[in-house]
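Please work through the following exercises with the sequence and the coordinates at hand. Each task is followed by a solution in steps.

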Amino acid sequence: MRFSVAIPQFAVDPREVRRFLARAEELGFDGAWTQEQIIGSKPVISPLELLAYAAACTERIRLGCAVFVTPLRNPVHLAKSITSLDQLSGGRIDVGVGTGGKFRPFAAFDSSPEHLVTRFTEGLDLMKRLWTEPSVTFDGRFWQLKDAPMEPKPVQRPHPPVWFGANHPNAVRRAVKLGNGFIGAGSSTTAAFTSLVPVARAAMEEFDRPDFMIAKRVYLAVDDDAERARTRVGEALGALYAGFPLGDLTSVAVYGTPDDVARGLQEVKDAGAEMILLNPLFDEHEQMERLVKDVLPQLT
């Protein structure tokens, strides 16, 4: 079982990010992850720039984003950015990708929700080819290249691991076929994640992908006062997802006393998660320490 932790991302003091990452490495976390929210009232630092800073602050811990909404991005630019991050980090980058759903403001990004899955899969195919081929000729529906090289290649071969964000069986099957892992969204419940794991397992057998990985982001709050934990995590999630048509998100979080949180995380582990991305939404330093000291030792 592996545990990763979310990098503080909300208009943070860079010195505090450095301190947090140093402590995360010291505590033995496997990874440190960001997320992407380009438009929104919550002051979220961009994942690409934050990951570059994190690469300079760390030596061992893996670094990732879950997820880049790739239909809103140019795949050539994103492929170059990911390659550069993998080079600067010495081969420690994980790449989360997702369609983002049709409610995104596509017009703001010179994109369209039409043919969303085709745009998504074509863009991913183009990125993989730029990461692995010496020269790329590509005649797609949305992007075209002729004898285009991109150097240097990523440190990781054939390319950094690609994790899919997915909340539908078809998307999970696509993840197993085209990616290296599936990471359940923080905005989905443990029950929803549990229902998708058998889909992933069946697809792993069908597509002969025994090394495919399964993970879940978990929003959480540890507090000796369970009701206070519920209130604070509810407020934080409401601010993070303001404007998204998701309703009350309190049910997606794991919160309460250390025993409460341990039980919630045990459910995620028992559902089939091989990596859990622990995502406090406030008091990140204190939450990380309590998780390591009071919560994670209880998991079996």
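The exercises below concern a predicted model and treat its cores, cysteines, pockets and one loop residue.

**Exercise 1. Nonpolar cores**

Identify the residues of the largest nonpolar core that touch the most other members, and list the contacts of Leu278.

Solution.
1. The largest nonpolar core contains 71 residues. Those touching the most other members are Ile82, Phe182, Leu265 and Leu278.
2. With residues up to four places away in sequence set aside, Leu278 touches Phe3, Ser4, Val5, Ala6, Phe29, Val218, Leu220, Leu265, Leu291 and Leu296.
3. A second core, separate from the largest, has 15 residues. Ala221, Ala236, Leu249 and Leu281 are among them.

**Exercise 2. Cysteines**

Determine how many disulfides the model has, and explain the result for Cys57 and Cys65.

Solution.
1. A disulfide requires two cysteine sulfur atoms within 2.5 Å.
2. For Cys57, the closest cysteine sulfur is that of Cys65, 17 Å away, and this is too far for a bond.
3. For Cys65, the closest cysteine sulfur is in turn that of Cys57, at 17 Å.
4. The count of disulfides is therefore zero.
5. As to burial, the cut-off is under 20% relative accessible area. Cys57 is buried because its relative accessibility is 12%, and Cys65 is buried with a relative accessible area of 0%.

**Exercise 3. Pockets**

Describe the largest pocket and the second largest pocket by volume and lining.

Solution.
1. The largest pocket holds about 790 Å³ of space, and 35 residues line it. Nearest its centre lie Val67, Gly100, Arg104, Asn167 and Ala185.
2. Elements that contribute two or more residues to this lining are β3 (62-69), β4 (93-98), α4 (116-132), β7 (162-165), α5 (169-178), β8 (181-184) and β9 (213-222).
3. By class, the lining of the largest pocket comprises 18 nonpolar, 13 polar and four charged residues.
4. The second largest pocket has a volume of about 210 Å³. It is lined by 14 residues, and Gln37, Ile39, Arg104, Pro105 and Phe244 are the closest to its centre.
5. The lining of the second largest pocket divides into nine nonpolar, three polar and two charged residues.

**Exercise 4. A loop residue**

Locate Thr70 and decide whether Thr70 is buried or exposed.

Solution.
1. Thr70 belongs to the loop between β3 and α3 (75-89).
2. Because its relative accessible area is 10%, Thr70 is buried.
3. Apart from neighbours within four places in sequence, Thr70 contacts Leu78, Val97, Gly98, Phe120 and Met127.

Definitions and conventions: Residues numbered from 1 in each chain as written. Predicted model: local features only at pLDDT ≥ 70, side-chain atom pairs only at ≥ 80, totals over all residues. Heavy atoms only, no water. Core = buried A, V, L, I, M, F, W, Y, C linked by side-chain atoms within 4.5 Å. Buried < 20%, exposed > 50% of the residue type's maximum accessible area, 1.4 Å probe, protein only. Contact = heavy atoms within 4.5 Å. 1 Å grid on protein atoms, 1.4 Å probe; cavity = no way out; pocket = protein on both sides within 12 Å on 5 of 7 lines; lining within 4 Å. Points joined across faces, edges and corners; volume = space filled by probe spheres on them. Helix = DSSP H or I, 4+ residues; strand = E, 2+ residues; numbered from the N terminus. Nonpolar A, V, L, I, M, F, W, Y, C, P; charged D, E, K, R; others polar.
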